[in-house]
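Good morning, everyone. Please have a look at the sequence and the model on the screen, and then I will talk you through a few places inside the protein.

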Amino acid sequence: MINVLVFPCGSEIGLEVHNALKFDKHINLYGLSSVSSHGRMVYKNYIEGISFITSPTFMDELNSVIEENHIDVLIPAYDDVILYLSEHREEVKCKIATSDKDTCDLARSKKRTYEKLAGEWYIPKMFRIEEIREEDLPLFAKPDIGQGSQGIMKINSMEDLELLQDKADAYVISELLPGEEYTIDCFTDSKGNLLVASMRQRKRIRTGISVHSVTVDMPEEVREIADSINRQVRFNGVWFFQVKLDAAGHYKLLEMASRVAGSMSTSRVRGFNFILNTVYQLMGYEVSALPNLIAHTEVDRAFSNKYILDIDYDYVYMDFDDTITYKDTVNTEVIAFIYQCLNQKKKIKLLTRHAKDIEESLKKYHIDKSVFDEIIHIKDETLKSDYIKHKNAIFIDDAFRERYDVSRKCNIPVFDLDCMTALMDWRY
């Protein structure tokens, strides 16, 4: 078993790592955060309160977490953390899932990246602020070290340029690239071979995060860029780079990073798990890729709700019609909740006024009656509240009348179907 620690686990990167690793039978997954984060809603093994990386006690605190939980691999899930840990790699008491320090330093700086790859046709034309003339405009400026589109600006006039005069050294100024933007998710094996490269279009971006991505066929130009970067930069495992089309329709490099991308799931679901294979490779296993049988995938991301309810229960009383069933099909969210209850050793009481033979109907929907601790089939006008015998219970029914009666008489929590997500435990 491989014990894997993700820090900070609540970042978009940390959440993608969780999705990529949570069901692997060889992985014990731990989430670490300095402050309260969404990580506590999805990481079953969640640790909170470690100091920030700027604290002089951070490394001692981190190593205490590593030793107490017998961590084998640490996955840094934020750019500044990646850079810090790569610089202090010898002090960390476990393996770190990043490329080496030189590569991390290089990837963190757009200037250093462009200098390393200077002379390549895919490097955008760069400008020194004191040499820019009005006929060069419009141009584009972005922080040398930064992420999430923070601090970027289009330079349309010489007046705009004046805004950068006092901080020119912290910015990269380049030709304006007006075309579409793409991310190429990559994996380099232990021998330096570019094993996987999957290209996706960033179709909609919010706060610097690609929330709508679609995989596309990779043009030869982009494959040349991927191979060129991989030859000149020493990657180990997962990494990615971004390109954008210039005015002439050629792809130019924006930046690269030696880590998981937040929307890498778009490529991952095609059959290659980038971060899992990075962990395996780090642990000494040889990694290979299956032929890609899925041509294209599309992802659209939005805020998702995860809940923690202040209730404790051992019994679930549940309706059948229009609760477990939905328009003559099975409600898959309710079925998932049923199995969650079974995993947690909670007892499920099927409490129904079903008009037909309930056992035959369960067979019709391929539901084994053994999932229920008891089947209570009401065939008269008796109220459901009369059959609820436990106080440490909840009641689920689509009918308001039934919920109202149970809530009033039994004094237990009651839920309609819109609340099923709130009852799910998403921690793995």
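**Inside the model: a cavity, a loop residue and ring pairs**

Searching the whole structure turns up 1 cavity of 30 Å³ or more, and I should say at once that what you are looking at is a predicted model. The space in the largest cavity comes to about 40 Å³. Which residues line the largest cavity? They are Ile-13, Ile-75, Pro-76, Ala-97, Thr-98, Val-238, Ser-258, Arg-259, Val-260 and Ile-275, and if we sort that lining by class, we count 7 nonpolar, 2 polar and 1 charged residues.

Let me turn next to Asp-246, which sits in the loop between strand 12, residues 237-245, and strand 13, residues 251-257. Is Asp-246 buried or exposed? Its relative accessibility is 10%, and since the cut-off for buried is under 20%, Asp-246 counts as buried. The side chain of Asp-246 reaches the backbone nitrogen of Ala-248 at a distance of 2.9 Å. If we leave aside residues up to four places away in sequence, Asp-246 touches Glu-175, Leu-177, Pro-178 and Lys-252.

That brings me to the aromatic residues, where the structure holds 12 aromatic pairs, and I will describe two of them. For Phe-58 and Tyr-84, the ring centres are 5.6 Å apart and the planes stand at 80 degrees, so this pair is edge-to-face. Phe-58 belongs to helix 3, residues 58-68, and Tyr-84 to helix 4, residues 79-87, so that the pair links distant parts of the chain, 26 residues apart. Phe-58 is buried, with a relative accessibility of 0%, and Tyr-84 is buried too, with a relative accessible area of 16%.

The other pair I have picked is Tyr-182 with Tyr-251, whose ring centres lie 5.9 Å apart with the planes at 65 degrees, so this pair is also edge-to-face. Because Tyr-182 lies in strand 9, residues 181-188, while Tyr-251 lies in strand 13, the pair ties together parts that are 69 residues apart in sequence. Tyr-182 is buried at a relative accessible area of 10%, and Tyr-251 is likewise buried, at 11%.

Finally, let me come back to Phe-58 and Tyr-84, because ring pairs link these two residues and Phe-7 into a cluster. As you go through the model yourselves, you may like to look at that cluster of Phe-7, Phe-58 and Tyr-84 alongside the loop that holds Asp-246.

Conventions
Residues numbered from 1 in each chain as written. Predicted model: local features only at pLDDT ≥ 70, side-chain atom pairs only at ≥ 80, totals over all residues. Heavy atoms only, no water. 1 Å grid on protein atoms, 1.4 Å probe; cavity = no way out; pocket = protein on both sides within 12 Å on 5 of 7 lines; lining within 4 Å. Points joined across faces, edges and corners; volume = space filled by probe spheres on them. Nonpolar A, V, L, I, M, F, W, Y, C, P; charged D, E, K, R; others polar. Helix = DSSP H or I, 4+ residues; strand = E, 2+ residues; numbered from the N terminus. Buried < 20%, exposed > 50% of the residue type's maximum accessible area, 1.4 Å probe, protein only. Polar contact = N/O pair within 3.5 Å; in protein donor to acceptor, adjacent residues only side chain to side chain. Contact = heavy atoms within 4.5 Å. Phe/Tyr/Trp six-rings, centres within 6.5 Å; stacked < 30°, edge-to-face > 60°.
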